[in-house]
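Open the model in your viewer and keep the sequence panel beside it. Each stop below says what to select and what is there.

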Amino acid sequence: MRSFLFVPADSEKKLAKGAGSGADALIVDLEDSVALSNKEAARKSAVAYLKTAGRAGPKLVLRINALDTPFWEADLEAVVPAKPDMIVVPKTISGACVKKVGDRIDRLGGGDIGIGCVATETAASLFTLGTYAGAHPRLAFLTWGAEDLAAALGARDNKDENGNYTGPYRLARTLTLLGAVAAGVAPIDGIYKDFRDEAGLEAEARAAIRDGFTGKMAIHPAQVPIINQVFTPDEADLAHARAVIEAFEKAGDVGVVALDGVMLDIPHLKQAKALLTRAAQAN
């Protein structure tokens, strides 16, 4: 999945707009976008939406409230029977949080429901990105969050005067990428909060796919087409990947080949195969 669009669970209008946005996954949110006074009503709305939404559209993902709140258990008990494709757990501290939620989903008869985590929203969480490997079979992706981390650190801002993330947030992003790959799950880049800045979003998305992220979070439907375009390999990328694979096949059982004056080894072959796999999944 390339694009994950957050939509408040208590807004029928935004849910309807999000469903038609072209996003690969719609994250029906019970956490930050819902006021404390409206948590129960939002939960009921989320369940109703999951039960009535067509499954031919985007994947249906439900973000529960954080595990240090009194809401998360009731969230799971209400939504798991409605069978979302995934549950997103915010503000996770370590792989133990995944196990806690995964075991609860198991007990509730959650079938094939996957788990995604926003894994960098507290200071403590940055020290544990290596603990997600093997935490629970349901774990499907890790993403990172700069806004809650900034609040946790008491920061005035998380970007410098040029609009680039400062050190703590670059570290969080990098550790999320490494932790996800080490765990064998998808690394998903975080949001770009200025939804009117299309050029900035595209640049950040291209930097993400360059580094190894396979998708990106969105907070507005207008961001979805840009994210989908960036994370969908173009024909030039596909042609190069096919040429790499063909070069290795023609060379036989070797570890290094030459293509267009460039020496390529097995990691390049793996990258080419992964690129073709992502392209096939996007279609």
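Select helix H5, residues 146-153, and helix H6, residues 167-183. This is a predicted model. The two helices pack at an angle of about 130°, with their axes 11 Å apart. Are H5 and H6 parallel, antiparallel, perpendicular or oblique to each other? Roughly perpendicular ends at 115 degrees and roughly antiparallel starts over 145, so H5 and H6 are oblique. Their crossing is right-handed.

Now show the side chains in that contact. On the H5 side, pick Ala146, Leu149, Ala150 and Leu153. They meet Pro168, Tyr169 and Ala172 in H6. By class, the contact of H5 with H6 has seven nonpolar residues, no polar and no charged.

**A second helix pair**

Move to helix H3, residues 72-79, and helix H4, residues 95-107. H3 and H4 pack at about 35°, and their axes are 10 Å apart. H3 passes H4 in a right-handed crossing. Select Trp72, Glu73, Leu76 and Glu77 in H3; they meet Lys100, Val101, Arg104 and Ile105 in H4. How many charged residues does the contact of H3 with H4 have? There are four charged residues, four nonpolar and no polar.

**Two lysines with positive phi**

Stay in this stretch of the chain and select lysine 83. It sits in the loop between H3 and S4. Its phi is near 60°, a positive value in a residue other than glycine. Most residues other than glycine have a negative phi. Lysine 83 has 38% relative accessibility, so it counts as partly exposed.

Next, jump to lysine 91. Look for it in the loop between S4 and H4. Lysine 91 is not a glycine, yet its phi is positive, about 55°. Why does lysine 91 count as partly exposed? Its relative accessible area is 23%, and partly exposed covers the range between under 20% for buried and over 50% for exposed.

**The barrel**

Hide the side chains and colour the strands. Eight strands close into a barrel, in the order S1-S2-S3-S4-S5-S6-S7-S8. The pairing is parallel. Neighbouring strands of this sheet are turned by 25° against each other on average, direction ignored.

Which strands does helix H2 touch? Select H2, residues 39-52: the helix packs on the sheet and touches strand S2 (25-29) and strand S3 (59-63). The direction of H2 makes about 165° with that of S3.

For a single strand pair, select S4 (residues 86-89) and S5 (residues 114-118). They pair in the parallel sense over four bridges. Methionine 86 stands opposite glycine 114 in S5.

**The hairpin**

Go on to strand S9, residues 256-259, and strand S10, residues 262-265. S9 and S10 pair in the antiparallel sense, again over four bridges. Valine 256 stands opposite aspartate 265 in S10. Leucine 259 stands opposite valine 262. The two strands form a hairpin with two residues between them. Select aspartate 260 in the turn: its phi is positive, about 55°.

Turn the side chains of S9 back on. In a regular strand the side chains alternate between the two faces of the sheet. Which residues of S9 are buried? Val257 and Leu259 are buried and point to one face. Val256 and Ala258 point to the other face and are not buried.

**Two residues to finish**

Select leucine 276 in helix H10, residues 266-282. At 24% relative accessibility, leucine 276 counts as partly exposed. Show its contacts, leaving aside neighbours within four places in sequence: Leu238, Ala241, Arg242 and Ile245. Then pick alanine 239. It is 37 residues from leucine 276 along the chain, and their C-alpha atoms are separated by 9.6 Å.

Last, select arginine 210 in helix H7, residues 198-211. Is arginine 210 buried or exposed? With a relative accessible area of 62%, arginine 210 is exposed. Set a distance from arginine 210 to phenylalanine 231, C-alpha to C-alpha: they are 10.0 Å apart in space and 21 residues apart in sequence.

How values were computed: Residues are numbered from 1 along each chain as its sequence is written. This is a predicted model: local features need pLDDT of at least 70, side-chain atom pairs count only at pLDDT 80 or more; totals for chains, interfaces and linings use all residues. Side-chain values use heavy atoms; hydrogens and water are left out. Two strands pair if DSSP finds at least two bridges between them. Axes are lines fitted to C-alpha atoms, for helices over the stretch in contact, and angles run from 0 to 180 degrees between N-to-C directions. Contact means heavy atoms within 4.5 Å. Buried means under 20% relative accessible area, exposed over 50%, partly exposed in between (1.4 Å probe, protein chains only). Angles under 35 degrees count as roughly parallel, over 145 as roughly antiparallel, 65 to 115 as roughly perpendicular and the rest as oblique. A crossing is left-handed if the near helix is turned anticlockwise from the far one by less than a right angle, and right-handed if clockwise. Ala, Val, Leu, Ile, Met, Phe, Trp, Tyr, Cys and Pro count as nonpolar, Asp, Glu, Lys and Arg as charged, and the others, Gly among them, as polar.
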